[in-house]
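Subject: Structure for you to look at

Hello,

I am passing on a structure that you have not worked with before. Please open it first; my notes follow below.

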Amino acid sequence: MATATGDDQPKLKLYSYWRSSCSFRVRIALNLKGLHYDYEAVNLVKGEQRNPEFVKLNPIGYVPVLVDGDIVLSDSFAILLYLDEKYPQHPLLPTDLKRKAINLQVANIVSASIQPLQNLVLLSYIKEKFGPEEITPWVKYHLGNGFAALEGLLKNYAGRYATGDEVFLADLFLAPQIHSFVTRFNFDLSQYPILSRLNEAYSLLPAFQNAMPEKQPDYPSSSTS
């Protein structure tokens with residue numbers, strides 16, 4: 001995303017890693033809201049998140065981190081809610097109370113019950129303690145359970161997108177997680193027809209496609225990085 005160019009534009013900086021699904025969520029939101037930002041790459045594989053300069057921004061050493069003037073925020077959920085409050089264009093939550101609650105529920109399932117079980121720190125621990133052959137069964141079991149729960153939850157709410165015919169917060173959490181499930185872990189999405197259909201819908205949205213890992217400036221020539 002281009003650097004902010006006008007005096008009326010917010011001066012935002014996003015510390016991100018190309019493969020981070022948490023960073024992916026925030027990139028989508030920034031795109032949807034038309035917010036220009038500087039992209040600051042943090043290579044998690046090389047351990048750049050442990051550099052003292054970065055730890056000052058986020059003591060737990062995770063991406064993303066958003067800097068908005070003198071405000072520094074980490075944790076994608078907090079960042080997204082902050083962006084929605086300060087920059088209300090393209091709201092991320094519906095006004096309908098029930099659908100708002102479902103959006104928050106979907107986002108929480110992904111952020112609390114799926115994504116942490118496949119992050120780099122945990123998978124590295126499993127590889128070290130139990131062997132690399134244990135990674136795929138672990139991920140398949142836990143992500144599969146989470147996706148089955150999402151499929152069941154969304155059957156009464158999904159329209160063109162997760163909770164109707166407009167893009168909201170749930171979609172920002174679902175799209176990166178589905179992408180990771182399919183591309184990083186090479187799993188078949190066909191057993192989740194709603195999520196599969198949503199994935200196709202997201203592929204048509206520029207705000208989502210421009211936030212894809214392979215579109216980021218730190219995307220490596222080899223995806224092993």
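The buried residues of helix 6 pack against four helices: helix 4 (97-114), helix 5 (120-130), helix 7 (169-184) and helix 8 (193-202). Please keep in mind that this is a predicted model.

The buried set in helix 6 includes Ile135, Val139, Leu143, Phe147, Leu150, Leu153 and Leu154. Gly144, Gly146 and Glu151 are also among the buried residues of helix 6.

Helix 6 covers residues 135-154, which is 20 residues. At 1.5 Å a residue it should span 28 Å, and its end C-alpha atoms are 28 Å apart, so the expected and computed spans agree.

Now the protein as a whole. Its secondary structure consists of 9 helices and 4 strands, and along the sequence these follow the pattern β-α-β-α-β-β-α-α-α-α-α-α-α.

For 225 residues, a compact globule would have a radius of gyration near 17 Å; the protein has 17 Å, so the value agrees with that expectation. The C-alpha trace spans about 50 × 45 × 30 Å along the principal axes.

Of the 225 residues, 51% count as buried. Among contacts with a separation of 6 or more, 68% come from residues 24 or more positions apart.

On the surface, the accessible area is about 11,200 Å², and carbon and sulfur atoms account for 53% of it. As for charge, there are 21 positive and 23 negative side chains, and the centres of the two sets lie 3 Å apart.

Regards

How values were computed:
Residues are numbered from 1 along each chain as its sequence is written. This is a predicted model: local features need pLDDT of at least 70, side-chain atom pairs count only at pLDDT 80 or more; totals for chains, interfaces and linings use all residues. Side-chain values use heavy atoms; hydrogens and water are left out. Helices (H or I, at least four residues) and strands (E, at least two) are DSSP runs, numbered from the N terminus. The radius of gyration is taken over C-alpha atoms; the globule rule is 2.2 Å times the number of residues to the power 0.38. Buried means under 20% relative accessible area, exposed over 50%, partly exposed in between (1.4 Å probe, protein chains only). Contact means heavy atoms within 4.5 Å. Accessible areas come from the Shrake-Rupley method with a 1.4 Å probe; for residues, only the protein chains shown count as cover. Lys and Arg count as positive and Asp and Glu as negative; His and the chain ends are not counted. The place of a charge is taken as NZ of Lys, CZ of Arg, CG of Asp or CD of Glu. The expected span of a helix is 1.5 Å times one less than its number of residues.
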